Amino acid sequence: MSVKIRLQRHGKKGKPFYWVVAADARSKRDGKFLEKIGTYNPNTNPATIDLNLESAVQWLHNGAQPTDTARAILSYKGALLKHHLDGGVRKGALTQEQADAKLAAWLDEKANKVDAKKAGLSKADEAAKAKALKAEKEANAKRIAAQAEAAKVEEVAEEAPAVEETVVAEEAPAVEAVAEETVAVEETPEVEAVAEEDPAAEESNEETEA
């Protein structure tokens, strides 16, 4: 029976989550499998991989063939390196202690690279948040300035009619006073003229009667 190490898809639409399994090459992708040896979550950055190293290496020893994606995962977690070092131990090229030391050194180096990548991503995320916060503050400052300017314009617009009404109110009494003076000037001579004419009229009437 030909065995493959491959991914079996799980998770919901748009957010896949994979199991790393050893399965019969003739079975369907998401069908029966012989053993689950790990998980792979590509939705995180970096991707989250959990692998049973000993089980994966044992299947490689038994002749299981990984797919391209599964091979990349096994290489990332050191399964391929351990498989290679175990081959060297079997051939007598190195001792088990030397193989274990090389594997441990490689795993430490890999862990440091992953941590450095996470730190870089964290710094980039913080920088992006700081930039967004700065842009938001600038936008808020501009909005507040625009509101203050609009308020000043409204105040000026409200004060202008009040000034015009005050001017009109001050001019109105002057116009009335002028009108009263004109009436007084026009009425006074007529009254005096009537007063002057009345005695003469009386004298003329007396002479006529005489």
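Among contacts in the protein chain between residues at least 6 apart in sequence, what share joins residues at least 24 apart? In this predicted model, that share is 38%. The legends below take the chain as a whole and then a series of close-up views.

**View 1. The whole protein chain, with its helices and strands, as a predicted model.** The protein chain holds 4 helices and 5 strands, and from the N terminus on these elements follow one another in the order β-β-β-β-α-β-α-α-α. Of its 210 residues, 20% count as buried. The mean pLDDT of the chain is 79, with 75% of the residues reaching 70 or more. Among the elements, strand β3 (residues 35-41) has the highest mean pLDDT, 93, whereas helix α4 (residues 96-209) has the lowest, 70.

**View 2. The open sheet of 5 strands.** Read across the sheet, the strands stand in the order β4-β3-β2-β1-β5, and their pairing is mixed. At the edges are β4 and β5 (65-66), each of which has a single partner strand, so that one side of each is left without a neighbour in the sheet. As a general point, the strands of a sheet pair through backbone hydrogen bonds, in either a parallel or an antiparallel sense.

**View 3. Strand β3 and its two neighbours in the sheet, β2 and β4.** Of the 7 residues of β3, 5 are buried, and the strand is therefore largely enclosed by the rest of the structure. On one side, β3 runs antiparallel to strand β2 (residues 15-24), to which 5 bridges join it, and in this pairing T39 of β3 stands opposite W19. On the other side, β3 pairs with strand β4 (residues 48-51), again in the antiparallel sense, over 4 bridges, and here G38 has L51 of β4 as its bridge partner. Together β3 and β4 form a hairpin, with 6 residues between the two strands.

**View 4. The pairing of β1 with β2.** These two strands run antiparallel and are joined by 10 bridges. One of the residue pairs to look for is Q8 with W19, the latter being the bridge partner in β2. W19 thus appears in two views, since W19 also stands opposite T39 in β3.

**View 5. The surroundings of R9, a residue of strand β1 (residues 3-12).** With a relative accessibility of 28%, R9 counts as partly exposed, because that class covers the range between under 20%, which is buried, and over 50%, which is exposed. Leaving aside residues up to four places away in sequence, R9 touches G14, P16, F17, Y18, R29 and D30. Y40 lies 31 residues from R9 along the chain, and the C-alpha atoms of the two are separated by 9.6 Å.

**View 6. The largest pocket and the residues that line it.** This pocket has a volume of about 160 Å³, and its lining is made up of A47, T48, I49, Y76, K77, L107, K110, A111, V114 and D115. The elements that give two or more residues to this lining are β4, α2 (68-77) and α4, and the largest share, 5 residues, comes from α4. By chemical class, the lining residues divide into 6 nonpolar, 1 polar and 3 charged. In reading this view, it is worth recalling that α4 has the lowest mean pLDDT among the elements of the chain, 70.

Notes
Residues numbered from 1 in each chain as written. Predicted model: local features only at pLDDT ≥ 70, side-chain atom pairs only at ≥ 80, totals over all residues. Heavy atoms only, no water. pLDDT = per-residue confidence, 0-100. Buried < 20%, exposed > 50% of the residue type's maximum accessible area, 1.4 Å probe, protein only. Pairing = 2+ DSSP bridges. Contact = heavy atoms within 4.5 Å. 1 Å grid on protein atoms, 1.4 Å probe; cavity = no way out; pocket = protein on both sides within 12 Å on 5 of 7 lines; lining within 4 Å. Points joined across faces, edges and corners; volume = space filled by probe spheres on them. Nonpolar A, V, L, I, M, F, W, Y, C, P; charged D, E, K, R; others polar.
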